[in-house]
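Here are a few exercises to help you find your way around a new structure. Try each task yourself, then follow the solution step by step.

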Amino acid sequence: MKHKAQMIFLMATLSISSCKKGRSSTHSDFVSKEECIKGILKQDDSLGKLRNVSCKQVSLSKSIADYTKEIGQFDYSNCPEALSKAFKTHKAAWNEMMVITNKYPDLRGEMHDLFDQIEIGSDSTQFRILLKNIWDTWADVETASK
């Protein structure tokens with residue numbers, strides 16, 4: 001079952017489009033900034049959906065690590081630099097959350113349900129701070145994508 005979730009995650013990430021058209025890397029093959037932004041956001045949306053459900057099979061930390069690894073490999077080559085920087089900060093915010101999620105290696109379920117459980121537990125104060133940082137950095141991504 002664990003391998004099935006990892007395989008689904010891998011297949012989905014391989015099928016997500018990048019910000020380049022075709023096989024060549026010449027300047028004329030790059031999409032517009034607007035198309036690049038849309039492509040990056042689409043990739044993140046797909047990966048976010050996978051992240052949210054993959055922790056039914058693997059730990060929260062593994063789900064987060066897989067997500068942040070993938071967003072770190074996005075092709076921002078024709079996107080505004082602000083978007084790349086915002087995603088880098090957002091990735092760091094997610095990685096910081098693993099300070100908490102590492103404490104719950106056996107917790108399984110949909111990510112938001114698991115976060116609700118953690119939020120009312122003994123780690124609630126630090127968890128809320130880290131979750132706020134994730135949301136704040138996502139707001140920066142949204143601002144950079146406009």
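**Exercise 1.** Decide whether cysteine 79 is buried or exposed in this predicted model, and find out which residue a disulfide joins to it.

*Solution.*
- Step 1: Cysteine 79 has a relative accessible area of 9%. The cut-off for buried is under 20%, so cysteine 79 counts as buried.
- Step 2: Look for the partner. A disulfide joins cysteine 79 to cysteine 36, with 2.1 Å from S to S.
- Step 3: Check the partner's surroundings. Cysteine 36 is buried too, at a relative accessible area of 0%.
- Step 4: Place both ends of the link. Cysteine 36 belongs to helix H2, while cysteine 79 sits in the loop between H3 and helix H4 (81–101), so the pair ties together parts that are 43 residues apart in sequence.
- Step 5: Add the geometry. The angle about the S-S bond is -100°, and the link is left-handed.
- Step 6: Count the disulfides. The structure holds one.

**Exercise 2.** Describe the surroundings of leucine 60: its helix, its burial and the residues it touches.

*Solution.*
- Step 1: Find the helix. Leucine 60 lies in H3, which covers residues 60–71.
- Step 2: Read the accessibility. The relative accessible area of leucine 60 is 0%, and the residue is buried.
- Step 3: List the contacts, leaving out residues up to four places away in sequence. Leucine 60 then touches Cys55, Thr101, Leu107, Met111, Leu114, Phe115 and Ile118.
- Step 4: Look at one of these neighbours. Cysteine 55 is itself buried, with a relative accessible area of 0%.
- Step 5: Take a distance across the fold. Leucine 60 and lysine 103 are 43 residues apart along the chain, and their C-alpha atoms are separated by 9.7 Å.

**Exercise 3.** Work through three salt bridges, those of aspartate 45, aspartate 136 and glutamate 119.

*Solution.*
- Step 1: Recall the idea behind the pairing. Side chains of opposite charge can pair when their charged atoms come close.
- Step 2: Start in helix H2 (residues 33–54). Aspartate 45 and lysine 49 are four residues apart there, so about one helical turn separates them. Their side chains meet in a salt bridge of 3.2 Å, N to O. Aspartate 45 is partly exposed at 41% relative accessibility, whereas lysine 49 is exposed at 52%.
- Step 3: Move to helix H6 (residues 124–144). Aspartate 136 and lysine 132 both lie in this helix, four residues apart, or about one turn. Their closest N and O atoms are 2.6 Å apart. Aspartate 136 is partly exposed, with a relative accessible area of 34%.
- Step 4: Turn to glutamate 119, which forms a salt bridge with arginine 128 at 3.4 Å, N to O. Glutamate 119 is partly exposed at 26%, and arginine 128 is partly exposed at 43%.
- Step 5: Set these in context. A search of the whole structure finds six salt bridges.

**Exercise 4.** Summarise the protein chain: how many helices and strands does it have, and what share of its residues is buried?

*Solution.*
- Step 1: Count the elements. The chain has six helices and zero strands, giving the pattern α-α-α-α-α-α along the sequence.
- Step 2: Read the burial. Of the 146 residues, 43% are buried.
- Step 3: Look at the surface. The accessible surface is about 8,500 Å², and carbon and sulfur atoms account for 55% of it.
- Step 4: Finish with the contacts. Among those with a separation of 6 or more, 72% are between residues 24 or more positions apart.

Definitions and conventions:
Residues are numbered from 1 along each chain as its sequence is written. This is a predicted model: local features need pLDDT of at least 70, side-chain atom pairs count only at pLDDT 80 or more; totals for chains, interfaces and linings use all residues. Side-chain values use heavy atoms; hydrogens and water are left out. Helices (H or I, at least four residues) and strands (E, at least two) are DSSP runs, numbered from the N terminus. Buried means under 20% relative accessible area, exposed over 50%, partly exposed in between (1.4 Å probe, protein chains only). Contact means heavy atoms within 4.5 Å. Accessible areas come from the Shrake-Rupley method with a 1.4 Å probe; for residues, only the protein chains shown count as cover. A salt bridge is a side-chain nitrogen of Lys or Arg within 4 Å of a carboxyl oxygen of Asp or Glu. A disulfide is a pair of cysteine sulfur atoms within 2.5 Å.
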